[in-house]
Amino acid sequence: MTSDESAISPAQARRRFRDGLVTPNAGWSAGYAQANLIAVPRDYAFDVLLFAQRNPKPCPVLDVLEPGQYAGPLLPGGDIRTDIPAYRIYFDGELVTETTDAREYWTDDLVAFLIGCSFSFEAALVDSGVPVRHIEEGVNVPMYRTDRQCRSAGRIGGPLVVSMRPLPPEQVADAVRITSRYPSVHGTPVHVGDPAALGIADLSAPDYGDPVTIRPGEIPVFWACGVTPQAAVMQSRPPLAIGHAPGHMLITDLRDSELVVP
């Protein structure tokens, strides 16, 4: 990521992605919230909403669009079907393709959920001197499926997915304090330390994203991740679902400062 990418407006970023740019976008449009996407048929929308309500750490809802709607107040003038760098398309829970344009698969009864993203608190971590390794290394954040099952809702259920950031021991408390002020974008970590406690066997082999360097003495810190609804889709197998490619987020016009609690 260059300084230009951190400085451009959300509308400019969305336009670049609409024009075909594919890239993980942590740190883009600094100061503006990014969002995960999961869209399901209307018949499944209540189950997904209830799943999010029962699992607020991995699924903090920023907005829900009307059936078939593909624009909204968080992306004025935008199109949720084209303005994300990459999408994943699922049929009956199976990932069938990844694409830069979801219009071919969009239907009039799809309900889109915009889920808070931990990228929103990363600027606050960096500003406080807490390292964010995937930004430093210019790669996608590492994400892992855990052996912890979320609380099910109707026909929707699945495992918790987490993102990981390695930190020096003396900065873990700072990271917890800073992220505690962002409950609508996952908030505090769900686990600190031994990945085996989450059923993660190998930190160098994330289920989504890229591995990052863990320096001697650093501790892995895990936050709930907005890819969790896609893991639920894969387990629950609705007939159609559209999500963002992990780490390839919707950049919204919502300011991070609006998500901070005192």
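The following conversation concerns a predicted model and the reasons behind some of the terms applied to it.

Colleague: Why is R88 called buried?

Modeller: The term buried applies under 20% relative accessible area. R88 has a relative accessibility of 18%, so R88 counts as buried. This residue lies in strand β3, residues 87-91, and touches residues including L95, Y208, Q230 and H244.

Colleague: What makes R88 and E98 a polar contact?

Modeller: A polar contact requires a pair of N or O atoms within 3.5 Å. The side chains of R88 and E98 are joined at 2.9 Å, so the pair meets that cut-off.

Colleague: How do you know that D4 and R16 form a salt bridge?

Modeller: The cut-off is 4 Å between a side-chain nitrogen of Lys or Arg and a carboxyl oxygen of Asp or Glu. For D4 and R16 the N to O value is 2.9 Å, so the pair qualifies as a salt bridge. D4 belongs to helix α1 (residues 3-7) and R16 to helix α2 (residues 10-18), so the salt bridge ties together parts that are 12 residues apart in sequence.

Colleague: Why is D4 called partly exposed?

Modeller: Partly exposed is the class between buried, under 20%, and exposed, over 50%. D4 has a relative accessible area of 39%, so D4 is placed in that class. Its partner R16, at 31%, also counts as partly exposed.

Colleague: What makes R237 and E94 a link between distant parts of the chain?

Modeller: R237 and E94 form a salt bridge, with the closest N and O atoms 3.1 Å apart. R237 is in the loop between α7 (228-236) and β10 (240-244), whereas E94 is in strand β4 (residues 94-99), 143 residues apart. R237 counts as partly exposed at 41% relative accessibility, and E94 does at 44%.

Colleague: How do you know that D47 and R155 form a salt bridge?

Modeller: Their closest N and O atoms are 2.9 Å apart, and the cut-off is 4 Å, so D47 and R155 count as a salt bridge. D47 falls within domain 1 (9-117 + 237-258) and R155 within domain 2 (119-228). The count of salt bridges between these domains is 2, and the structure holds 15 salt bridges.

Colleague: What is the area buried between domain 1 and domain 2?

Modeller: The two domains bury about 2400 Å² between them, 61% of it on carbon and sulfur atoms. F51, K57 and C117 supply 26% of the area that domain 1 buries against domain 2, more than any other three residues.

Key:
Residues numbered from 1 in each chain as written. Predicted model: local features only at pLDDT ≥ 70, side-chain atom pairs only at ≥ 80, totals over all residues. Heavy atoms only, no water. Domains from an automatic or database assignment. Buried area = accessible area lost by both parts, 1.4 Å probe. Helix = DSSP H or I, 4+ residues; strand = E, 2+ residues; numbered from the N terminus. Buried < 20%, exposed > 50% of the residue type's maximum accessible area, 1.4 Å probe, protein only. Polar contact = N/O pair within 3.5 Å; in protein donor to acceptor, adjacent residues only side chain to side chain. Contact = heavy atoms within 4.5 Å. Lists of a residue's contacts leave out its neighbours within four places in sequence.
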